[in-house]
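Visitor: I would like a close look at one part of this model. Please start there and then work outwards.

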Amino acid sequence: MVTIYEMQAGLSRRELLKRGSIGAMLVISGSALISPRNAWGLEVTALKPETMATLIVLARDIYPHDQLADRFYAIAVKGQDAKAGKDAAHKELIENGVADLDKRAGGAGYRSLGWEDDRVAILRDIETTPFFQAVRGDLVVSLYNQKELWPIFGYEGESYSKGGYIARGFNDIEWL
Amino acid sequence: MAAPYDLKDDSVVVIIGSGAGGGTLGNELAQKGIDVVILEAGARHEYEDFINDEWDSFAQLAWLDKRTTGGGWRVAKDFPNLPAWIVKAVGGTTTHWAGASLRFQDHEFKALTNYGKVEGANLLDWPITLADLEPYYDKAEDKMGVTRTHGIEGLPGNNNFKILKAGADKLGYKECHTGHMAINSADRDGRMGCQQTGFCFQGCKWGAKWSTLYTEIPKGEATGKLEVRPQSHVVKIEHDSSGKATGVVYADKDGKLHEQKARVVAVAGNSIESPRLLLNSHSSKFPNGLANSSGHVGKHYMRHTTGSVYAIFEKPVHFYRGTTMAGIVRDEARHDPSRGFVGGYEMETLALGIPFMAAFLDPGGWGRSFTSALDHYDHMAGLWIVGEDMPQEQNAVKLHAELKDDYGMPIPDVWFTDHPNDVAMRNHAYAQGQAIYSAVGATRAFPTPPYPSTHNLGTNRMSEKAEDGVVDKWGQTHDIKNLFVSDGSQFTTGGAENPTLTIVTLAIRQADHIASQMSAGAI
Ligand SMILES: Cc1cc2nc3c(=O)[nH]c(=O)nc-3n(C[C@H](O)[C@H](O)[C@H](O)COP(=O)(O)OP(=O)(O)OC[C@H]3O[C@@H](n4cnc5c(N)ncnc54)[C@H](O)[C@@H]3O)c2cc1C
Ligand code: SF4
């Protein structure tokens with residue numbers, strides 16, 4: 001299970017920011033990733049926290065939706081950490097894949113590239129690699145299958161318990 | 001629980017599979033007083049247990065045993081282990097299906113005669129005509145409660161339909177309505193009317209949509225002449241030295257093997273598993289598999305020429321609300337070679353939820369062109385194309401040379417490549433679909449590729465002559481008198497229409513034939 005926890009009292013936002021962040025929005029603290037602005041954190045167990053931070057940026061670059069908070073991408077890639085914990089080969093695939101992204105980006109690495117276009121240009125070069133395929137193939141389910149995200153897209157999900165749409169707008173278009 | 005029929009009882013008709021073909025045949029025979037055992041690989045989930053959630057429902061119902069696929073189609077690349085989207089459960093794929101129920105057109109039964117020889121295709125005329133099937137189509141429509149037949153009212157149009165209809169009108173299409181659907185528009189046959197839930201593909205939790213699970217099967221069981229044995233996966237059909245089928249070997253839920261004796265065996269496992277089972281049942285007498293003297297078992301795999309068109313509008317649509325497929329344009333279903341291809345196609349409304357839309361919109365796609373389409377999910381309308389594809393010999397269900405299933409049987413390897421006629425038809429349909437939506441102000445429209453096959457046909461095809469196919473006009477195998485095929489694998493050609501009504505029709509007709517052959521002592 002994914003543990004997303006509220007930021008604990010005592011660890012103030014100022015303090016977090018003082019510890020310095022690699023990306024602008026994600027702080028790495030021990031084995032956790034913390035998003036000070038949005039008050040959530042994510043425990044990482046198998047992968048390096050830096051790797052997880054990169055995966056979150058990568059996930060957004062693969063399926064960019066500006067209306068979605070980082071939290072949704074973090075939940076979506078958390079499964080990579082769990083899988084890496086169970087499967088050494090998978091851990092290596094992910095760690096090496098991220099290291100390769102950083103190498104291709106040069107300088108301070110993939111996450112430090114400010115423009116999506118620059119990061120996407122790198123991804124276009126590696127989109128057929130097993131690393132990219134593994135991340136994208138999992139993400140298309142782990143991102144879009146989050147029920148909390150559906151209302152943001154206007155999808156109402158389960159409808160049986162509400163009696164279907166027979167009295168709830170199945171034919172409510174007026175604009176045609 | 002003691003089974004009503006003994007494993008050694010060799011007077012029973014054994015049917016493999018409980019879907020559209022098998023479930024219907026089982027009930028029809030039981031109604032005539034014939035003893036029937038249906039062996040079904042999947043578990044029994046009653047309709048209250050269905051789940052209004054795309055992936056959870058898929059995990060509950062879909063056939064997930066390993067398969068492989070190859071050939072030129074994109075599914076081989078995007079879904080290498082999911083050539084088909086079909087069900088493993090009591091009720092078969094009639095749990096998942098959308099309910100569109102169309103009769104074949106007269107000319108489609110004579111594809112070779114009417115289309116002429118098409119290079120690269122093995123077209124053949126069916127050994128039956130529309131006139132032969134009409135009385136049985138009547139019975140099937142009545143049984144299934146198909147709207148706009150037998151005085152049954154059409155379903156009301158949902159938002160997705162309203163857009164389709166407005167666009168079709170603008171293009172001058174004449175035949176556009178809410179379809180012939182095996183979905184109750186009002187209470188009928190002890191089942192309630194459609195509540196516009198929008199989860200037809202996940203199993204109808206109201207029972208408004210026809211499925212053998214809660215119509216044919218309980219009706220058959222009520223006669224005391226039908227036993228449905230779930231989680232019974234048939235691995236082999238046995239025969240005696242005279243070449244007559246004598247029973248089947250199946251694995252129960254614990255993987256333990258049993259042999260059920262039989263007087264007659266009917267195979268209805270859908271068009272991938274049925275030929276696979278015949279091929280896997282090879283013996284020293286039949287080294288190429290059962291009923292395969294022609295070499296046609298598994299060949300001519302068809303899956304309809306499909307594709308979708310989705311479009312985005314300025315204002316909200318909420319196309320996922322209401323019946324998934326109750327909307328059709330039939331004008332392009334005619335055979336009119338001036339369009340650059342033989343045969344025709346239907347356009348039917350279709351909506352997916354966010355999870356499936358993401359998975360199927362552009363499999364493998366990513367980046368902003370992909371996500372910006374999803375961003376307007378609630379402003380989207382969509383339609384599905386279903387057209388006649390060409391039977392080609394190399395499109396086939398084969399046995400995998402190395403991989404085996406849990407019972408040690410070779411898994412199916414499904415090969416498919418579009419025929420140029422399929423490509424020409426799909427491109428025509430993409431253009432027409434986009435024109436429908438542009439006509440009503442779509443700001444963006446896009447064609448999307450075929451999904452894993454939901455319509456699987458043709459792999460044990462029906463033929464007049466034994467050398468041209470696997471079964472005769474009754475679905476009786478040319479080679480083995482007491483062995484029948486009772487599902488869509490019998491189709492000689494695919495027609496433009498969704499296949500299930502025709503599968504059910506053939507099963508009703510086949511039941512009459514089996515009963516008369518049994519009473520005459522011929523089988
Ligand atoms: C999402 C979706 C929507 C669809 N919508 C429509 C539609 O609107 N209109 C239409 O006409 N068609 C539609 N279809 C297609 C329709 O469901 C099939 O054509 C129809 O169910 C096929 O009937 P069948 O008897 O051949 O096989 P199925 O209904 O698939 O039944 C085969 C059964 O055999 C069992 N089986 C297989 N092998 C074995 C074995 N070895 N031992 C024991 N049991 C076995 C399977 O578990 C299964 O239950 C749709 C399909 C899908 C997936
Ligand atoms: S829309 Fe109608 S047929 Fe489809 S699942 Fe809902 S109630 Fe059943």
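Visitor: Is B:Gln476 buried or exposed, and what is its relative accessible area?

Guide: B:Gln476 is buried, with a relative accessible area of 3%. The cut-off for buried is under 20%. One caution before going on: this is a predicted model.

Start with the position. B:Gln476 sits in the loop between E16 and E17 of chain B. Strand E16 covers 444–448 and strand E17 covers 483–485.

Next, the side chain. The side chain of B:Gln476 makes two listed polar contacts, one with the side chain of B:His513 at 2.8 Å and one with the side chain of B:Gln517 at 2.9 Å. B:His513 and B:Gln517 also appear among the residues in contact with B:Gln476, once neighbours within four places in sequence are set aside. The other contacts are B:Val470, B:Val471, B:Lys481, B:Leu483, B:Phe484 and B:Ile523. Of these, B:Leu483 and B:Phe484 fall in E17, the strand that spans 483–485.

For a sense of scale, take B:Gly154. B:Gln476 and B:Gly154 are 322 residues apart in sequence. In space their C-alpha atoms are 36 Å apart.

The loop between E16 and E17 holds another residue to look at, B:Thr459. B:Thr459 is buried as well, with a relative accessible area of 0%. The side chain of B:Thr459 reaches the backbone oxygen of B:Ser271 at 2.8 Å. B:Ser271 is also one of the residues that B:Thr459 touches, not counting residues up to four places away in sequence. A run from B:His296 through B:Val297, B:Gly298, B:Lys299 and B:His300 to B:Tyr301 belongs to that list too. B:Pro275, B:Val397 and B:Ser489 complete it.

Now the charged pairs of chain B. B:Arg229 forms a salt bridge with B:Glu227, and their closest N and O atoms are 2.7 Å apart. B:Arg229 and B:Glu227 are both buried. A network of salt bridges links B:Arg67, B:Glu273, B:Arg276 and B:Asp405.

Compare a pair on a helix. The side chains of B:Asp169 and B:Lys165 meet in a salt bridge, N to O at 3.0 Å. B:Asp169 and B:Lys165 both lie in helix H6 of chain B, residues 159–171, and are 4 residues apart, about one turn. An α-helix has 3.6 residues a turn, so residues three or four places apart point the same way. B:Asp169 is partly exposed at 41% relative accessible area, and B:Lys165 is partly exposed at 29%.

Chain A has a pair with that spacing. A:Asp100 and A:Arg104 are 4 residues apart in helix H4 of chain A. Their side chains meet in a salt bridge at 3.0 Å, N to O. A:Asp100 counts as partly exposed at 25% relative accessibility, and A:Arg104 counts as partly exposed at 43%. Over all chains, the structure holds 37 salt bridges.

Then the interface. Here 40 residues of chain A are in contact with 43 residues of chain B. Together the two chains bury about 3600 Å², with 61% of it on carbon and sulfur atoms. A:Tyr160, A:Phe170 and A:Trp175 supply 20% of the area that chain A buries against chain B, more than any other three residues. Between chain A and chain B the count is 5 salt bridges. A:Glu116 and B:Arg368 meet through their side chains in a salt bridge of 2.6 Å, N to O. There are also 26 residue pairs in polar contact across this interface. On chain A, helices H2 (49–62), H5 (116–126) and H6 (130–142) each supply at least two residues of the side that touches chain B. That side divides into 19 nonpolar, 10 polar and 11 charged residues.

Finish on H5 of chain A. Its buried residues include A:Arg119, A:Val120, A:Ile122, A:Leu123 and A:Ile126. They cover an arc of only 155° around the axis, so they lie on the same side of H5(A). On the other side, A:Asp117 and A:Asp125 are exposed. The cover over the buried residues of H5(A) includes H2, H4 (88–105) and H6 of chain A.

Key: Residues are numbered from 1 along each chain as its sequence is written. Chains are lettered from A and ligands numbered from 1 in the order in which they are written. This is a predicted model: local features need pLDDT of at least 70, side-chain atom pairs count only at pLDDT 80 or more; totals for chains, interfaces and linings use all residues. Side-chain values use heavy atoms; hydrogens and water are left out. Contact means heavy atoms within 4.5 Å. Buried area is the accessible area (1.4 Å probe) that two parts lose on being put together, summed over both. A salt bridge is a side-chain nitrogen of Lys or Arg within 4 Å of a carboxyl oxygen of Asp or Glu. A polar contact is a pair of N or O atoms within 3.5 Å; within protein, one must be able to donate a hydrogen and the other to accept it, and residues adjacent in sequence count only if both atoms are side-chain atoms. Ala, Val, Leu, Ile, Met, Phe, Trp, Tyr, Cys and Pro count as nonpolar, Asp, Glu, Lys and Arg as charged, and the others, Gly among them, as polar. Buried means under 20% relative accessible area, exposed over 50%, partly exposed in between (1.4 Å probe, protein chains only). The arc is that of the directions from the helix axis to the C-beta atoms.
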